[in-house]
Amino acid sequence: MVDFRQRARPTALLILLILAPSIQAETRASELADLRPISPAPVATDLAPLEQLAPASPVVLTPAQAEARLHQGLDWTFCGPRRNGSGAPVKTEDASARALPVEILADRVDYDQDQDRVELRGEVEMTQGTQWLGADWASYDRATGQTQARGRVRFEDQGLRLLGEAADYNLESAQGWVESVLYRVWGNANLRGSAARVERLDASRSRFEDLIYTSCPPGRADWSLRARELELDQASGLGVARHARVRIGGVPVFYTPYLRFLIDDRRRSGLLIPSFGSSDSLGTDITVPYYWNIAPNLDATLSPRLMSKRGLMLGAETRYLSASQSLVINGELLPEDREAPEEGLRGALRIEQSGRFGARWGTLVDYAQVSDDTYLVDFGNRLDTTSTRNLSQRADLYYSGQGWMLLGRVQQFQTVDAGIAPANRPYDQLPHIELTLTPQQWRDWLEYRFVAQYDYFDHDVVTHGHRFVAEPAVRLPLRRAYGHLIPGARLHYSAYALQEQTAGRPSDFTHLIPTLDLDGTLVFERETRWLGKPALQTLEPRLYYVYTPEVEQSDAPLFDTTALDFGFSSLFRPNRFTGHDRIGDENRLTLGLTSRTIAERTGRELLRASIGQIHYFDERRVGLDGSASGESDFSSAIAGEFSARILDHWSARASLQWNPHASDDGWERRVLQLHYQTPNERLLNLSYRFNSAGDPSEDYEDTDLSFSLPLGGETRLVGRWLYSLLNEETIEAFAGVEVGRCCWRLRLLGQHLKTSAERDASTSVMLQLELAGLGSLGNRIDSFLERGIHGYHTD
């Protein structure tokens with residue numbers, strides 16, 4: 001069925017009304033009412049041959065006019081594939097859409113009854129479903145649906161727009177071609193370019209010949225892909241180019257006979273853009289990953305990695321995701337290390353899983369393993385990786401009930417720091433079973449909870465065995481708007497059944513230790529001003545008293561217990577040890593004071609300052625090693641915390657610890673941090689960290705500077721410098737430049753990394769080029785910077 005509509009030409013409209021019944025002309029009643037009876041115009045039976053198709057007075061568009069017409073009504077708010085988009089495939093027309101009528105508008109319509117062909121002239125528009133074809137002149141074959149168009153041809157359908165000089169297209173089959181084309185892809189991706197010829201293969205696939213392709217916005221051509229042939233499949237989200245040359249600023253920089261890439265954010269199997277770099281320890285480092293989209297919820301990435309100094313490493317990552325669980329498995333394998341052949345086969349494995357089965361059951365797995373102690377140092381490029389001492393291998397199974405939870409866990413560790421003596425390595429928990437009763441209310445005034453644990457702690461060298469712990473606790477919370485008063489009591493019960501116990505000590509024994517505490521706070525408020533704006537200031541004194549009697553616990557090994565790291569938050573905890581093997585004897589009172597300034601309009605905390613100190617009424621006798629702790633001072637170090645939003649873009653934090661009883665410098669810990677960040681991505685972090693409060697081997701004094709500074713335009717500098725004042729050496733430093741626009745980004749980075757005290761620092765160079773709509777070439781510097789610079793993020 002064809003619906004002919006003619007603009008302001010009643011004679012031609014009347015001609016259509018008297019044509020053969022097979023043509024259905026739809027007009028509005030108002031249009032017919034305006035027509036005056038006239039003699040019908042003759043029906044054309046001898047149309048011009050198709051060779052004479054050009055309009056009588058062709059309209060030629062300037063390049064600027066053609067470009068404006070190409071993008072008319074379409075925005076360009078992003079370049080290349082839409083990030084964090086739905087990734088949904090383009091919907092293709094079904095068979096029912098092809099049965100829709102073809103609606104035609106033109107200034108003049110001539111019909112050849114013998115050939116069943118319609119010739120259209122002047123502002124021709126043809127529409128069927130989502131397809132739209134416009135031109136200065138067109139010839140439409142009603143029997144086959146074939147359309148030939150000339151002069152300012154414009155075609156649009158489902159995320160694709162074409163502008164050309166000539167077209168031969170079939171609206172019913174959604175197939176045809178357009179010549180001398182400017183094209184635009186929109187929707188899931190913003191792409192544009194030109195081509196000598198575009199062939200529409202079906203409703204979602206198009207083939208481009210002798211083309212230029214880019215994701216840069218109109219008016220820019222920072223990079224482009226020039227190819228002999230390109231096929232875009234919007235249904236699958238893939239592009240395939242043959243004999244392609246990548247050009248930067250018009251200069252060819254890369255050639256490939258075949259290139260397959262994604263044009264949206266959906267997952268597809270195929271080779272990914274290689275990454276490469278260079279370092280002192282690895283040499284030239286090239287990785288060519290292959291992505292395998294196994295199923296909608298299962299994929300894998302295979303990553304052969306060639307290191308000129310080390311050899312060929314095979315890497316793989318597998319990911320699985322379902323409604324009930326997620327699973328990620330990473331593995332690396334180096335059959336022979338040229339730099340360390342004595343190590344033999346080297347590799348690493350990491351498994352991460354979390355699951356929720358039904359409303360109650362859940363699982364969690366975190367397993368990491370390496371082949372040898374120096375693997376992370378040799379192949380890691382981040383300080384947090386190379387400084388790892390123990391790798392956790394843990395699996396949890398838990399059940400959540402109504403107000404309670406039951407947890408089962410097995411956990412062991414692989415120690416990768418050869419400097420840790422076997423006797424000091426962590427215990428394995430085989431298993432750990434824990435029952436937790438979440439805090440419950442009784443008659444709206446009494447709060448109670450309960451925790452019970454059973455563990456078998458395994459160790460190859462020192463005392464090991466069974467431990468059972470039960471800890472019931474009650475509190476009476478009295479809360480008001482001006483503060484709170486919370487008395488509480490808990491009873492700690494532990495039972496041991498040990499193996500290979502030290503001679504002369506019992507293997508089976510129990511402890512029963514009560515604890516009483518009282519926590520009270522008052523809140524005073526007053527109105528004030530902060531930088532000229534109304535605010536609320538508080539003064540919050542806090543008292544915390546705790547009493548625990550001394551109980552001999554030296555027979556118990558230290559399964560999971562260490563001294564609690566001292567700081568402001570630890571001032572208000574009932575036990576000065578972690579874990580359950582030591583319950584410290586306590587008779588102490590903590591005095592604390594906090595002041596906050598809060599913006600009246602937004603409720604944002606603008607400033608917080610806290611200070612506190614513990615006052616002891618008795619000497620502490622319970623120690624970690626079984627002997628008296630020897631802590632006889634009647635007060636602790638003074639701990640304080642400070643945080644403030646100084647200005648709109650500046651914030652500061654500080655954590656301080658000063659011991660008034662020290663014979664020399666009383667500072668035990670100092671952490672000073674200053675952070676600056678603006679909406680235009682100007683970023684600066686300054687930090688100073690000092691610690692001398694515990695084991696001398698844990699002492700440090702560091703400065704840390706990191707930044708991301710725009711230099712104007714689309715260029716910015718990035719860097720970090722972590723320097724040890726104690727050892728007078730640089731621990732980690734990197735600096736680089738990042739240049740980019742909407743459609744591309746180039747990052748060049750140099751890194752200096754000290755992986756251990758015994759090894760010389762290594763240097764490396766990393767390069768990454770991102771071309772939106774084509775891929776990323778080089779190292780994943782963007783991920784590296786997000787981890788190394790606080791506040792840094794990619795677009």
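Which residues is G159 in contact with, leaving aside its neighbours within four places in sequence? The legends below begin with this residue and refer to a predicted model.

**View 1. The surroundings of G159, a residue in the loop between β7 and β8.** Strand β7 covers residues 146–157 and strand β8 covers residues 160–170, with G159 placed in the loop between them. Leaving aside neighbours within four places in sequence, G159 is in contact with R184, V185, W186 and Q234. The C-alpha atoms of G159 and W186 are separated by 4.9 Å, although the two residues are 27 residues apart along the chain. G159 counts as buried because its relative accessibility is 6%, which falls under the limit of 20%.

**View 2. The surroundings of D585, a residue in the loop between β33 and β34.** The loop that holds D585 lies between β33 (533–548) and β34 (586–599). D585 counts as buried, since its relative accessibility is 5%. Two backbone nitrogens can be located beside its side chain: that of R621 lies 2.9 Å from a polar atom of the D585 side chain, and that of V622 lies 3.2 Å from a polar atom of the D585 side chain. Not counting residues up to four places away in sequence, D585 touches T548, P549, E550, R576, E619, R620, R621 and V622.

**View 3. The largest nonpolar core and its residue W223.** This core has 52 residues. The residues with the most contacts inside the core are L120, M126, F208, Y213, W223, L225 and F261. Strand β12, which spans residues 223–233, gives the most to this core, with five residues. A second, separate core has 11 residues, including M307, L334, V370 and V416. Within the view of W223, and not counting residues up to four places away in sequence, the residues it touches include Y213, T214, S215 and C216. Among the other residues that W223 touches are R247, I248, C743, W744, L771, A772 and L774.

**View 4. A nonpolar surface patch of about 1100 Å².** The patch is made by L271, I286, V288, Y290, W292, I294, L302, L306, L312, L314, L333 and L345. Three elements give two or more residues to the patch, namely β18 (290–295), β19 (298–307) and β20 (311–321). Strand β18 provides the largest share, three residues. Y290 lies in this strand, β18. Y290 is described as partly exposed because its relative accessible area is 33%, a value between the limits of 20% and 50%.

Key. Residues are numbered from 1 along each chain as its sequence is written. This is a predicted model: local features need pLDDT of at least 70, side-chain atom pairs count only at pLDDT 80 or more; totals for chains, interfaces and linings use all residues. Side-chain values use heavy atoms; hydrogens and water are left out. A nonpolar core is a set of buried Ala, Val, Leu, Ile, Met, Phe, Trp, Tyr and Cys residues joined through side-chain atoms within 4.5 Å. Buried means under 20% relative accessible area, exposed over 50%, partly exposed in between (1.4 Å probe, protein chains only). Helices (H or I, at least four residues) and strands (E, at least two) are DSSP runs, numbered from the N terminus. Contact means heavy atoms within 4.5 Å. Patches are made of residues with over 30% relative accessible area and no salt bridge: like charges are joined within 9 Å, nonpolar side chains (Val, Leu, Ile, Met, Phe, Trp, Tyr) within 5 Å. Accessible areas come from the Shrake-Rupley method with a 1.4 Å probe; for residues, only the protein chains shown count as cover. A salt bridge is a side-chain nitrogen of Lys or Arg within 4 Å of a carboxyl oxygen of Asp or Glu. A polar contact is a pair of N or O atoms within 3.5 Å; within protein, one must be able to donate a hydrogen and the other to accept it, and residues adjacent in sequence count only if both atoms are side-chain atoms.
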